[in-house]
Amino acid sequence: MKIEQLYTGCLAQGAYYIESEGEVAIIDPLREIQQYVDKAKANNANIKYILETHFHADFVSGHVDLAKETGATIVFGPGATTEYDIHTAKDGEELKVGKLTIKVLHTPGHTLESATYLLKDENGKDHAIFSGDTLFLGDVGRPDLAIKSDLTKEDLAGMLFDSLRNKIMPLADDVIVYPAHGAGSACGKNLSKETVGILGEQKQTNYALRADMTKAEFIKEVLDGIAPPPQYFAKNAMMNKMGYDTFETVLKTGNVPLNPNEFEALANHESALVLDVRTQADFIKGHIPNSIFIGLNGGFAPWVGALIKDIKQPIVLVVPEGKSEEAVTRLSRVGYDNTLGYLEGGIEAWKAEGKDIETLESVTVDEFAKRAKTETLNILDVRKEGEYVSSHIVDAQHLSLDLINEKMNEVSKDKTYYVHCAGGYRSVIAASILKARGFHNLIDVDGGFAAIKQTDIETTDFVCPSTL
């Protein structure tokens, strides 16, 4: 028996490779499928099943392409309907992979078709569950993402309570838990940084699995403090349900070198968004006017999904040398398939053609603290609500990056703002969006709140986020 977790940090997502006797099951594959094909080929094995735990909302799965490539059967839980061929499993149905048995447990709640896959070893002993977004380590899936359902989130939370109590908690304590996500995913509220756990430990430590918890208490606690889902979630879920262009097609049309004049023409005449995916330091030093920064070195795909509202938006890329394919790939993971190309030669080629460059002013925290002593500064904190409430600079204005497109009218074009986040990544994203909308009096605070706390700038008393 071979079990391998293939974890993608940017999406905080775990796909799984299970092999026995030359047969393979892949659970929740990423959009780019070659890694699974190559792994099976290297082991002289054939992919038999592609098991989807549910219609994912936070990324576009590779199940459709992988089935076309390998002839494997796509399996969804009870009630799932799609525009492509699948096997809709029955609750309790057993699938054979070599000497292993995978039992389908219908666990609705996160979504209606959600399934947990229980892996039994060759002796029939329960070995592990692949719990999708039903059970995370330290948390459970949010119950507000069902596609086109008349059910309320309270209804779904009630279903999730029953699924956990009736299907998962009765399993033995030594069963391994392989969830679909870890910390950083917006599919739950407070996921653990660990990506593999033991069910018995979750029964003891996971708030949602308390033995004495009533259904009413569960519904209240699981819904308390849940943020609205990012706008791209529903769009990704529909792509996973309806199908999509092949990844190879997306890569072929998106990974195209463009000279500066071709690049500029697409930006001007095709209304293509100029997306700069270099480091924030490079963007600060020089960037194309009206370009948006979202760097590959941070939470790239989720921030693209949260901030670029039109999933079909034409995009042209400014990338670090040799990173064009990676950028197109990571955009496609969240359904942004309309990349038209990248600037060949990068920003240096753009400058060599005599085209305009803009910079973003940035100051060290020491300089920021020095200025704060002699003048009244307008400070813009773009961290999330919980981070801001936990502790912030006294009198700083809060504008969460998540909501910048909706709340931009709360910022004045006539004022100069010092913009900061926690470490420096999100503040440059925010500044780039504001600059593209005509806000030009912006100064980035290098190092963000982590560095600010080391100065004598007055901040509010710290409040532990878990108590909020």
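## Two helices that cross

A helix crossing is called left-handed if the near helix is turned anticlockwise from the far one by less than a right angle, and right-handed if it is turned clockwise. What you see here is a predicted model, where local features need pLDDT of at least 70 and side-chain atom pairs count only at pLDDT 80 or more, while totals for chains, interfaces and linings use all residues. Residues are numbered from 1 along each chain as its sequence is written, and side-chain values use heavy atoms, leaving out hydrogens and water.

Let's start with α3 (residues 153-168) and α5 (residues 215-223), whose axes sit 9 Å apart and make an angle of about 115 degrees. (Helices are DSSP runs of H or I with at least four residues, strands are runs of E with at least two, and both are numbered from the N terminus; axes are lines fitted to C-alpha atoms, for helices over the stretch in contact, with angles from 0 to 180 degrees between N-to-C directions.) The crossing of α3 past α5 is right-handed. On the α3 side, the contact (heavy atoms within 4.5 Å) uses residues including Ala157, Leu160, Phe161 and Leu164, and α5 brings Phe218, Ile219 and Val222 among others. Sorted by class, this contact holds eight nonpolar, one polar and five charged residues. (Ala, Val, Leu, Ile, Met, Phe, Trp, Tyr, Cys and Pro count as nonpolar, Asp, Glu, Lys and Arg as charged, and the others, Gly among them, as polar.)

## The five-stranded sheet

Now for an open sheet of five parallel-paired strands, in the order β18-β22-β21-β19-β20. (Two strands pair if DSSP finds at least two bridges between them.) At the edges are β18 (361-363) and β20 (397-398), each with pairing on one side only. Two parallel bridges link β19 (residues 378-381) to β20, and Asp381 faces His398 of β20.

Two helices lie over this part of the model. Helix α13 (residues 365-374) lies across β18, β19, β21 (417-420) and β22 (442-445), at about 85 degrees to β18. Helix α15 (residues 425-436) lies across β19, β21 and β22, and runs at about 170 degrees to β22.

## A mixed sheet and a hairpin

Another open sheet has six strands, β7-β8-β9-β10-β11-β12 in order, with mixed pairing. Its edges are β7 (94-97) and β12 (197-198), which each pair on one side only. Strands β11 (residues 176-179) and β12 run antiparallel and share two bridges; Ile176 has Ile198 of β12 as its bridge partner.

Close to the start of the numbering, β1 (residues 2-8) and β2 (residues 13-20) are antiparallel partners over seven bridges, with Lys2 opposite Glu19 of β2. The two strands make a hairpin with four residues between them. In that turn sits Ala12, which has a positive phi of about 50 degrees without being a glycine. Most residues other than glycine have a negative phi. Is Ala12 buried or exposed? Ala12 counts as buried because its relative accessible area is 1%. (Buried means under 20% relative accessible area, exposed over 50%, and partly exposed in between, with a 1.4 Å probe and protein chains only.)

Asp395 also has a positive phi, near 75 degrees, and lies in the loop between α14 (385-390) and β20. Asp395 is exposed, because its relative accessible area is 75%.

## What lies inside

The largest nonpolar core has 85 residues, and Leu275, Ile294, Phe300 and Leu317 touch the most other members. (A nonpolar core is a set of buried Ala, Val, Leu, Ile, Met, Phe, Trp, Tyr and Cys residues joined through side-chain atoms within 4.5 Å.) Helix α15 gives the most to this core, with seven residues. Leaving aside residues up to four places away in sequence, Ile294 touches residues including Leu275, Phe300, Trp303 and Ile429. A second, separate core of 23 residues includes Val222 and Leu223, along with Ala208 and Leu209.

Helix α2 (residues 63-70) has five names on its buried list: His63, Val64, Asp65, Leu66 and Ala67. Their cover includes β3 (23-27), α1 (34-42) and α6 (233-242). Just past α2, Gly71 has a positive phi of about 80 degrees. In α6 you'll find Ala237, which counts as buried because its relative accessibility is 2%.

Finally, look at Asn206, in the loop between α4 (199-205) and α5. Asn206 is buried because its relative accessible area is 1%. Which residues does Asn206 touch, not counting residues up to four places away in sequence? They are Leu135, Phe136, Leu137, Gly138, Asp139 and Glu201.
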